[in-house]
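I opened this notebook to keep track of what I looked up in the model, one topic at a time. The entries follow the sheets and then the helices.

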Amino acid sequence: MAGTGVYADIIEGDVFKYYSDGEWKKSSSGKSVSIINPTTRKTQFKVQACTQEEVNKAMETAKKVQKQWAKTPLWKRAELLHKAAAILKEHKAAIADCLVKEIAKPAKDSVTEVVRSGDLVSYCAEEGVRLLGEGKFLVSDSFPGNERTKYCLTSKIPLGVILAIPPFNYPVNLAVSKIGPALIAGNALVLKPPTQGAVACLHMVHCFHLAGFPKGLISCITGKGSEIGDFLTMHPGVNCISFTGGDTGIAISKKAGMVPLQMELGGKDACIVLEDADLDLVASNVIKGGFSYSGQRCTAIKVILVMQSVADTLVEKVNAKVAKLTVGPPEDNSDITPVVSESSANFIEGLVKDAKEKGATFCQEYKREGNLIWPLLLDNVKPDMRIAWEEPFGPILPVIRINSAEEGIHHCNASNFGLQGCVFTRDINKAMLISDAMESGTIQINSAPARGPDHFPFQGLKDSGIGSQGITNSINMMTKIKTTVINLPSPSYTMG
């Protein structure tokens, strides 16, 4: 289904084109980048390996077109976003098919991601009209020593050109979470998709092309990060970088200079379980939070910190549910599908071997076939094990037994990550105290961590990120304040 029907223009031969200046183009490099299907471990798609000169051209065009786009009425920007959202949802099947083949996301979840993305774009349109349609009016005599001789008018104006870099695990949704706010705010946008997920992104961008956005306002540049990654992030034409991913973000932040940054860089989301918790509720949320999409989510539960007195019962309940998880290809809507790459699978296996050598209890037999890793609960994990601190991004979940809530909080806060966490208890007072003490951007009470709904604030502390996401926060982040002051010859008071 990929590259067919309305998407026929985006491919030539067996290589997908890149998007720049409102056209689908072949790179002058004559080279391509292969995308490996995680399930078959064979080349599924190929995309253009763009050059630095093609990056320059996209940036140059974006800079020019953005000036005109900023003069486009808000209602017109919103109208085009609504149109793109409708096209995206209408042609969701082809995009979902790409997600299945590129990142081994279960078929039903792939469709959900595309529909959710369309909803996000529409919400951006509505929120942007409200948020950007309001300014602020200040008078000078509210500050001591001043008469009312100055009127201050403030409004939000676009930053310019936004560089958007989404991750492989939600390449469509986390791309539009950057595109929507950027466009409604009057910015231009250059998208650098992840290699795994690039073809899904290209299909998504074509929906914006079909909606009729000005040529050059949106570009989608594919290629090897080693060749154009630093060139993009350090490009003088970039006015803001919105990045979701891993350690690469830290390197970007050190090189970005004065460019505003919005970054989400992963987490080691802790799940603290107290003695009075509803253990059936906990077990259900551990399965959903720890194993959905094979644990390849920044907001997945990545360590369970459970009170010793209820640990045996919880582990038994979780094991019973793990036994019911289906394992197989994404086309079958299996609960556990292959992880995204062989290198990811090897990394996960390294964590498992380390835990075994140091005495963790394996609740299931460790099993791997290619990139497919069976779900595994590791009990009696100790702080000297890598799995206690490192983010596996796979279907491996460690259990650490604790003797107090303070011990759980200490482990959570000792991590260099601070994205999300959760606490399970029937005592709302304890829940609030623990939530306040946990050094994470979001704490869920009696539910697994989650990003969304997409208008909720989403942010990480420490190495988990810079700034805050969520539709409203993203729109604000992609604008700056412009102030105009009217100076009066003499004080003037309304009805004075």
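**Entry 1: the open sheet of seven strands.** In what order do the strands of the open sheet of seven strands follow one another? I noted beforehand that I am working with a predicted model. I read the order as 16-19-20-15-14-21-22, and the pairing is mixed. The edges are taken by strand 16 (361–362) and strand 22 (442–445), each of which has a single partner strand, so one side of each is left without a neighbour in the sheet.

I then looked at the pairing of strand 14 (residues 269–273) with strand 21 (residues 420–424), where the two run parallel and are joined by four bridges. For alanine 270, I found that the bridge partner in strand 21 is glycine 421.

**Entry 2: helices on that sheet.** Helix 9 (residues 279–291) packs on the sheet and touches strand 14, strand 15 (301–307), strand 19 (376–379), strand 20 (396–402) and strand 21, while its direction makes about 160° with that of strand 15. Helix 13 (residues 428–437) also packs on the sheet, where I listed its contacts as strand 14, strand 21 and strand 22, and its direction makes about 165° with that of strand 22.

Next I turned to helix 12 (residues 405–414), in which the buried residues are Ala405, Gly408, Ile409, His411, Cys412 and Asn413. I traced the packing of these buried residues of helix 12 to strand 14, strand 15, strand 20 and helix 13.

**Entry 3: isoleucine 434.** Is isoleucine 434 buried or exposed? This residue lies in helix 13, and I recorded a relative accessibility of 4%, which means that isoleucine 434 counts as buried, the cut-off being under 20%. Leaving out residues up to four places away in sequence, I found that isoleucine 434 touches Ile272, Leu274, Ala405, Ile409 and Val423. Two of these contacts, Ala405 and Ile409, I had already entered among the buried residues of helix 12. I also looked up the separation between isoleucine 434 and lysine 215, which are 219 residues apart in sequence and 51 Å apart in space, C-alpha to C-alpha.

**Entry 4: the open sheet of three strands.** Here the order is 7-8-26 and the pairing is antiparallel. Strand 7 and strand 26 are the edge strands, each pairing on one side only, and the twist averages 25° from one strand to the next.

Between strand 7 (residues 136–139) and strand 8 (residues 150–158), which run antiparallel, I found four bridges. Phenylalanine 137 stands opposite leucine 153 in strand 8, and the bridge partner of valine 139 in strand 8 is tyrosine 151. Strand 8 is joined to strand 26 (residues 479–487) by nine bridges, again with an antiparallel run, and there I noted proline 158 opposite threonine 479 in strand 26.

**Entry 5: helix 2 with helix 6.** How do helix 2 and helix 6 cross? The axes of helix 2 (residues 74–90) and helix 6 (residues 198–211) come within 8 Å and cross at roughly 130°; the two helices are therefore oblique to each other, and I entered their crossing as right-handed.

On the side of helix 2, the contact involves Leu80, Leu81, Lys83, Ala84, Ile87 and Leu88, which meet Met204, Cys207, Phe208, Leu210 and Ala211 in helix 6. Sorting the residues of this contact, I counted 10 nonpolar, no polar and one charged.

Conventions: Residues numbered from 1 in each chain as written. Predicted model: local features only at pLDDT ≥ 70, side-chain atom pairs only at ≥ 80, totals over all residues. Heavy atoms only, no water. Axes fitted to C-alpha atoms, helices over the stretch in contact; angles between N-to-C directions. Parallel < 35°, antiparallel > 145°, perpendicular 65-115°, else oblique. Left-handed = near helix turned anticlockwise from the far one by under 90°. Contact = heavy atoms within 4.5 Å. Nonpolar A, V, L, I, M, F, W, Y, C, P; charged D, E, K, R; others polar. Pairing = 2+ DSSP bridges. Buried < 20%, exposed > 50% of the residue type's maximum accessible area, 1.4 Å probe, protein only.
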